[in-house]
Amino acid sequence: MRVLSADAIAAKVPPLWRAVATALLLVFGLLALVQQRAGILSSGTEIRLPTVPVDPRDLFRGDYVVFSYPISVVDTGKDAGTFKSGETVYVTLGRDAEGFARAVGVSRNWPSTGGDAVVIAGRVTSTSACALNDSGEFDCNGDRRRLRIAYGIESYFVPQGEGRAIETTDKARIEVVVAVSSSGEAAIKRLLIDGKAVYAEPPY
């Protein structure tokens, strides 16, 4: 009995049906991504992050703001080993006296946590980063090993024409509420200025 290859089977399918099947696969893939994000926003653990806006505009997709957070730079400590750019890491978050999330540890594997600690997954973008000091300025002194980490929450799109206003707002006034899933995925949920919500991300 002759067994047809996948290419041979596909060749017997009319072009129109192949196009329809391809379109359906793309639609289902997009819906899966939307549903995944909706799940993070609706059931993820909320954390608060102070922010540093960087870049105000994307001409192709309207206004957006690029943020940097104190947790964007994490000290690995002396016994953590060597990390590489592009590597996936897991950052354990605690809370400071004001309720903001702060990085308390980083590892390659999912860490053991207790209490109200939250774990967020990220990707190493630099292995020799400068840290933000208490004044909100970059400090490159010292011999500590620091990682710059991206969590997928570094850009936020806002109504056209309003990105510049956010970008020029004093960084001390800006706060982001992020939802973190049980697997460490994160999504921006709300943007606050002076403690008041100015934008909220709909689930869909």
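# Exercises on strand pairing, burial and salt bridges

The count for this predicted model comes to 6 salt bridges, a salt bridge being a side-chain nitrogen of Lys or Arg within 4 Å of a carboxyl oxygen of Asp or Glu. Because the model is predicted, local features need pLDDT of at least 70 and side-chain atom pairs count only at pLDDT 80 or more, while totals for chains, interfaces and linings use all residues. Residues are numbered from 1 along each chain as its sequence is written, and side-chain values use heavy atoms, with hydrogens and water left out.

## Exercise 1

Determine which residue forms a salt bridge with E175, and state where both partners lie.

Solution.
- Step 1. The partner of E175 is R48, with 2.7 Å between the closest N and O atoms.
- Step 2. E175 belongs to strand β13 (residues 174-180) and R48 to strand β1 (residues 45-50), so the pair ties together parts that are 127 residues apart in sequence. Strands (E, at least two residues) and helices (H or I, at least four) are DSSP runs, numbered from the N terminus.
- Step 3. E175 counts as buried because its relative accessibility is 11%, whereas R48, at 29%, is partly exposed. Buried means under 20% relative accessible area, exposed over 50%, and partly exposed in between (1.4 Å probe, protein chains only).

## Exercise 2

Describe the salt bridges of R108 and of D96.

Solution.
- Step 1. R108 meets E87 through their side chains, at 2.5 Å from N to O.
- Step 2. This pair links distant parts of the chain: R108 is in the loop between β7 and β8, E87 in the loop between β5 and β6, and 21 residues separate them.
- Step 3. R108 is partly exposed, with a relative accessibility of 33%.
- Step 4. D96 meets R102 in a salt bridge of 2.9 Å, N to O. D96 is partly exposed at 23%, and R102 is partly exposed at 31%.
- Step 5. A network of salt bridges with shared partners joins E46, K189 and R190.

## Exercise 3

Establish the strand order of the open sheet that 5 strands form, and examine its pairings.

Solution.
- Step 1. The order is β5-β11-β8-β6-β7, with antiparallel pairing; two strands pair if DSSP finds at least two bridges between them.
- Step 2. The edge strands, β5 (73-75) and β7, each pair on one side only.
- Step 3. β5 joins strand β11 (residues 146-150) over 3 bridges, and D75 stands opposite R146 in β11.
- Step 4. Strand β6 (residues 88-95) is joined to strand β8 (residues 118-126) by 6 bridges; T88 has R123 as its bridge partner in β8.
- Step 5. β6 is also joined to strand β7 (residues 101-107) by 6 bridges, with V106 as the bridge partner of V91.
- Step 6. β6 and β7 form a hairpin with 5 residues between them, and G99 in the turn has a positive phi of about 90°.

## Exercise 4

Decide whether S72 and W110 are buried, partly exposed or exposed, and list their contacts beyond four places in sequence.

Solution.
- Step 1. S72 is in the loop between β4 (62-68) and β5. S72 counts as buried because its relative accessibility is 4%.
- Step 2. Beyond its sequence neighbours, S72 is in contact (heavy atoms within 4.5 Å) with L147, R148, I149 and Y151.
- Step 3. W110 is in the loop between β7 and β8. At 43% relative accessibility, W110 is partly exposed.
- Step 4. W110 touches Y90, V119, S182, S183 and G184, residues up to four places away being left out.
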